[in-house]
Amino acid sequence: MGLESVGLKMNNLLLISYLDLKESIRSKWFLVYSLVFGGMIALFFIAGITESQVMGFSGLSRLLLMYIQITIVILPIFILITTVRSISGDRDSHILEYMLSFPISLKQYYWGKLIGRFITVYIPVIFAMILAIVYGVIKGAEVPWSIFFLYTGLLFALSSAFLGIAFFISSFVKSSEVALGIAFFVWIFLLAFIDIALISLMMQERFSEELIITIAMANPMEIFRVAAISLFDPELTVMGPVAYYILDSVSQANFVLLSIAYPVVLGIIFAFLGYRIFAKKDLV
Amino acid sequence: MIDIKNITKKFGKNISLNNVTTRFNGGDSIALMGANGAGKTTLIRMILGYYHANNGTITVNGLDPIKERVEILKHVSFVPQLPPPIKLSVDELLHFVQKSSCTSREMIYHYVNEMSLDIKEHLHKSFFSLSGGMKQKLLIGISAAKESSIYIYDEPTANLDPRARENFYKILKEQSNSSISLFVTHRIEEVKDLVNREIYMDLGEIISDVKL
Ligand SMILES: Nc1ncnc2c1ncn2[C@@H]1O[C@H](COP(=O)(O)OP(=O)(O)OP(=O)(O)O)[C@@H](O)[C@H]1O
Ligand SMILES: [Mg+2]
């Protein structure tokens, strides 16, 4: 294959991403999505979160921690409901039938869409965080760079994981409604399996601690939750027993690496499975 | 050349194509007819590589429509039964067409103009906000501008006013006569002058195939 044809393939992939990006940015969900995350930061400042000092950490670190704790809960569902329909929706409405009557390979279409969507979901959450830093600096606060970079990585990983899951769902469901239903279920399920459910399991003492920790660590949402507080002094944060146990048994550096690598890999695996299904099934 | 051998396509228990065998050669201009649900659209989608057959094989110029979709679709123009609600603007859609299939924008403008639609006025509207007839005119213009050897039209005149239909048939007459054209239609009298072959389908089978 010549260089030219590789270039052409890249071009088609980027073309799909670019058009998907443009389409998303114009859509109402994107507006709501950006407003939610930008608005959250604005609200934190208005509420004076950076000024108050609670539990030993203050200023921007505290604001970023609050931001990421809320984001961990709402970002997955945002990503799931907005992207779970990207392919199944195009199929339902026969857009796929027309667009794929042009010489675009299924690879280019699928991965192009995925990259486009990734940019759309990732940019607003990062942008909101940068907004916070900029405003904080103007206000004369100290910038907690290590936390900022950790969270940038965590949000990247979080977005990848759920985007992969969403594309996976999108590839096999027959209709968008079902896709939405499954998305909600996945979210609730993962949410339920963070500390609360695990503590009760632990208390029953019927399961070994290792098993419970493994379950906890398999859940990207739990990993994020623990990673988000891992840079803070464990004595000072309210983290719950599972988080405490994890941080106690794994070194911090390793855990941070794991918390970013694992969800990214998980996302890629799901996205890849989604592609396999997409390519194997009837297209329209 | 499109070679269809013993193609069967089922959706669940429903047999949409039942052991269909036929061949379309260069120069064939075919009217594909039959009652609603006869399997016309399904046959077209098989040729375009959208469906996996339960049985049988299809080759388009010797290639497999699923495995070699990109190579095949470079030479295929297709207008669907209903224009889909594409959310891209007209400008973006044309950008997509140009980039993905090396079609010149001037040619698209030319043919859309032939369909008496001034698309330049609508470039920044989203495609789905155009009227039904306008959408179809645009898709027809695109299909004519793309240099293909296979033209597939799944009832594209449904939303067109009589004059636009005339324009459409005029464009078709200009097309090279070594290409394959496949029209799904319910109005044979309209395409009588254009076609040299009439195929009737019913219940997923070809029940008559007449060369004129
Ligand atoms: N994706 C699908 N899933 C399930 N059944 C389908 C699907 N596509 C077509 N069918 C069924 O296959 C049969 C043939 O449908 P097809 O769309 O090919 O008919 P058609 O000849 O194009 O009809 P029309 O003139 O109404 O467009 C119908 O019974 C239809 O219900
Ligand atoms: Mg049909």
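Before anything else, a working definition: helices (H or I, at least four residues) and strands (E, at least two) are DSSP runs, numbered from the N terminus. I keep in mind throughout that this is a predicted model.

**Entry 1: the start of chain B**

I looked up B:M1 and found it in the segment before β1 of chain B. Is B:M1 buried, partly exposed or exposed? Its relative accessible area is 39%, and since partly exposed covers the range between 20% and 50%, B:M1 is partly exposed.

Next I asked which residues B:M1 touches, not counting those up to four places away in sequence. I noted B:R23, B:F24 and B:N25, then B:T59, B:V60 and B:N61, and finally B:I180. For B:N25 I also checked the backbone: its C-alpha atom is 4.7 Å from that of B:M1, although the two positions lie 24 residues apart along the chain as a separation.

**Entry 2: the magnesium ion**

I turned to ligand 2, the magnesium ion, and asked which protein atoms are its donors. They are OG1 of B:T41 and OE1 of B:Q81, at 1.9 to 2.4 Å from the ion. B:T41 sits in helix α1 (residues 40-47) of chain B, while B:Q81 belongs to the loop between β5 and α3, so the pair ties together parts 40 residues apart in sequence. I looked at the accessibility of B:Q81 too: at 33% relative accessibility, B:Q81 is partly exposed.

**Entry 3: where chain B meets chain A**

My next stop was the interface. I find 31 residues of chain B in contact with 28 residues of chain A. Together the two chains bury about 2800 Å², with 65% of that on carbon and sulfur atoms. Which three residues of chain B supply more of its buried area than any other three? They are B:Y50, B:R69 and B:F96, and they supply 24% of the area that chain B buries against chain A.

**Entry 4: polar links and the elements behind them**

I went on to the charged and polar pairs. There are 5 salt bridges between chain B and chain A. One that I looked up pairs A:E23 with B:K87, whose closest N and O atoms are 4.0 Å apart. The interface also holds 13 residue pairs in polar contact, both residues being at pLDDT 80 or more.

Where does the chain B side come from? At least two residues each are supplied by β1 (2-11), α2 (69-73), β5 (76-79), α3 (90-101) and α5 (132-145). The largest share, 8 residues, is from α3(B). Sorted by class, I get 17 nonpolar, 6 polar and 8 charged residues on the side of chain B that touches chain A.

Key. Residues are numbered from 1 along each chain as its sequence is written. Chains are lettered from A and ligands numbered from 1 in the order in which they are written. This is a predicted model: local features need pLDDT of at least 70, side-chain atom pairs count only at pLDDT 80 or more; totals for chains, interfaces and linings use all residues. Side-chain values use heavy atoms; hydrogens and water are left out. Contact means heavy atoms within 4.5 Å. Buried area is the accessible area (1.4 Å probe) that two parts lose on being put together, summed over both. A salt bridge is a side-chain nitrogen of Lys or Arg within 4 Å of a carboxyl oxygen of Asp or Glu. A polar contact is a pair of N or O atoms within 3.5 Å; within protein, one must be able to donate a hydrogen and the other to accept it, and residues adjacent in sequence count only if both atoms are side-chain atoms. Ala, Val, Leu, Ile, Met, Phe, Trp, Tyr, Cys and Pro count as nonpolar, Asp, Glu, Lys and Arg as charged, and the others, Gly among them, as polar. Donors are N, O and S atoms within 2.8 Å of the metal (3.2 Å for Na, K and Ca); water is not among the atoms, so sites may look incomplete. Buried means under 20% relative accessible area, exposed over 50%, partly exposed in between (1.4 Å probe, protein chains only).
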